[in-house]
Amino acid sequence: MVFASLSAWYIAHNCVTKRKEHAIILKSHLSLDYKQAEIKKKLAIVAQNFYLLIKDILMAAKRKKTKPKTKKRSQNNQKIEKTNKLLAYIVWGLSTVVVFLLGIIATYYFTQHEEKTPQKILHIQKEVPPKQSTTKIREELKNVLDSQQKNNYITPSHEIDEKVAIPPQKRVVKRTVKKPKLAIIIDDVCTKTQIRRIHNLGILVNISFLPPSKTRPNSAKLAKKEPAYMVHLPMEAMHFNKEEPFTFHVHDSQNVIKKRIHELKELFPRVKYINNHTGSKFTSNERAMNKLIYVLNKEHILFIDSRTTSRTKVKKVMQNYGLKYLARDIFLDNKQDKAYIQKQIKKAVRIAKKHGSAIAICHPHKITLQTLKDSKELFKDVELVLVDKLY
Ligand SMILES: [Zn+2]
């Protein structure tokens with residue numbers, strides 16, 4: 001089609017520019033490449049007639065152009081030239097129209113011819129039974145739905161987001177016929193003398209050992225002799241004040257924390273509960289706590305919050321892991337004074353009675369241990385327990 005259009009247009013162009021030889025050659029070419037004999041003949045006839053018509057017009061114009069030699073003739077010549085130009089424009093216009101028409105005819109013919117094949121393909125496609133593919137899709141969909149029901153799938157990101165959004169819960173007031181539980185944790189334990197005094201208390205307490213260091217090399221060895229123990233983990237404080245060796249820092253990487261906890265497990269193989277020594281900076285840093293709880297959870301170690309800061313994020317992080325949050329309710333010996341310590345013991349008992357349980361933290365000061373030993377009467381309404389009884 002394109003070739004036919006271009007050929008016809010080219011012949012017309014050559015006629016106008018008086019290049020007869022090329023026009024004749026192209027005219028002969030025009031009849032060579034068409035597949036359809038009828039079109040070939042028609043196009044050849046149209047082109048030939050068109051060529052002859054243009055040739056006559058141009059010959060007539062040439063004859064008129066050669067005649068004038070005088071002034072009058074030159075005036076006539078100008079008129080003839082104008083006429084020739086007009087004729088040339090008409091020829092150009094006609095040739096464009098012819099080319100356009102030939103293009104339309106050829107396009108129509110070939111598209112009609114080509115469309116026969118895809119129609120056959122469409123017909124074949126219709127013959128394929130559509131029910132087969134639909135049943136396959138239904139079966140696949142059923143399988144997917146069945147598998148989802150079996151897994152009871154909920155995206156983990158939604159669960160975490162909901163837990164983060166829940167505000168911290170206050171402790172529930174419990175009324176029970178059973179004795180309320182009070183866990184006394186003695187922090188910073190690291191010497192043989194302290195252990196001896198604790199053994200002489202005559203009451204059940206939780207001993208929380210600091211990791212061994214140059215100044216307290218025996219803490220891990222002493223722990224091995226105890227039926228149960230906790231580890232008192234030094235953690236970064238808000239304001240630096242004689243930082244302990246083995247202190248965990250907020251900038252420690254996940255790998256560093258993992259390595260340190262593994263070291264701690266080698267030193268204290270039966271450790272099940274850890275509470276923090278200092279740690280106001282670390283426990284108020286959610287990201288740091290998340291790294292620590294992640295590792296502790298893998299090692300089946302539970303964290304008990306000493307609550308060295310009111311901005312602690314331990315509860316939030318532990319709830320995100322689905323872990324029970326236990327925290328210190330009261331310090332017994334902020335003042336090393338027997339009356340003060342006894343007052344605090346009474347408070348601890350009241351908290352335990354109100355909530356069913358309480359955690360009191362104290363230190364192995366001589367006065368503290370002596371007061372505990374002398375105040376057994378104060379504990380008559382509570383059951384002194386190890387922390388694992390609180391879970
Ligand atoms: Zn401590």
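Student: Which residues of α12 are buried?

Tutor: Happy to start there! This is a predicted model, and a residue counts as buried when 20 or more other C-beta atoms lie within 10 Å of its own. By that test, the buried residues in α12 are A288, M289, K291, L292, I293 and L296.

Student: What do the buried residues of α12 pack against?

Tutor: Both helices and strands take part, so look for each kind in turn. The strands are β4 (273–278) and β5 (302–305). The helices packing against those buried residues are α10 (254–267), α11 (280–283) and α13 (314–320).

Student: How far apart are the end C-alpha atoms of helix α12?

Tutor: Let's work out what to expect. Helix α12 covers residues 286–298, which is 13 residues, and at 1.5 Å a residue it should span 18 Å. The model agrees with that expectation, because the end C-alpha atoms of α12 are apart by 18 Å.

Student: Which residue just after α12 takes a positive phi?

Tutor: Step past the end of α12 and check the backbone angle there. The phi is about 60 degrees, and the residue that takes it is H300.

Student: Are α10 and α12 roughly parallel, roughly perpendicular or oblique?

Tutor: Start with the geometry: their axes are 9 Å apart and the helices pack at an angle of about 45 degrees. Angles under 35 degrees would be roughly parallel, and 65 to 115 would be roughly perpendicular. The angle here fits neither range, so α10 is to α12 oblique.

Student: Which residues of α12 make the contact with α10?

Tutor: The α10 side offers Q254, I257, K258 and I261. By class, the contact of α10 with α12 has five nonpolar, one polar and two charged residues. Its crossing is right-handed. On the α12 side, the contact is made by K291, L292, V295 and L296.

Student: Is S284 buried, exposed or partly exposed?

Tutor: Find S284 in the loop between α11 and α12. It has 19 other C-beta atoms within 10 Å, while a buried residue needs 20 or more and an exposed one has 12 or fewer. That is why S284 is partly exposed.

Student: How far apart in space are S284 and T308?

Tutor: In sequence, S284 and T308 are 24 residues apart. Leaving aside neighbours within four places in sequence, S284 is in contact with T309, R311, T312 and K313. From C-alpha to C-alpha, the distance between S284 and T308 is 9.3 Å.

Student: What is the handedness of the crossing of α14 and α15?

Tutor: First, helix α14 (residues 338–355) and helix α15 (residues 366–374) have axes that come within 10 Å and cross at roughly 55 degrees. That makes α14 oblique to α15. The contact is made by K338, I341 and Q342 of α14 and I367, T368 and T371 of α15. As for handedness, the crossing of α14 and α15 is right-handed.

Student: Which residues does E383 touch, not counting those up to four places away in sequence?

Tutor: E383 lies in strand β9 (residues 383–384). With 15 C-beta neighbours inside 10 Å, E383 counts as partly exposed. Setting aside residues up to four places away in sequence, E383 touches K179 and K181.

Student: What share of the 391 residues in the protein chain is buried?

Tutor: Now for the whole chain, which has 15 helices and nine strands. Among contacts with a separation of 6 or more, 69% join residues 24 or more positions apart. Of the 391 residues, the buried share is 28%.

Conventions
Residues are numbered from 1 along each chain as its sequence is written. This is a predicted model: local features need pLDDT of at least 70, side-chain atom pairs count only at pLDDT 80 or more; totals for chains, interfaces and linings use all residues. Axes are lines fitted to C-alpha atoms, for helices over the stretch in contact, and angles run from 0 to 180 degrees between N-to-C directions. Helices (H or I, at least four residues) and strands (E, at least two) are DSSP runs, numbered from the N terminus. Angles under 35 degrees count as roughly parallel, over 145 as roughly antiparallel, 65 to 115 as roughly perpendicular and the rest as oblique. A crossing is left-handed if the near helix is turned anticlockwise from the far one by less than a right angle, and right-handed if clockwise. Two residues are in contact if their C-beta atoms, placed from the backbone, lie within 7 Å. The expected span of a helix is 1.5 Å times one less than its number of residues. Ala, Val, Leu, Ile, Met, Phe, Trp, Tyr, Cys and Pro count as nonpolar, Asp, Glu, Lys and Arg as charged, and the others, Gly among them, as polar.
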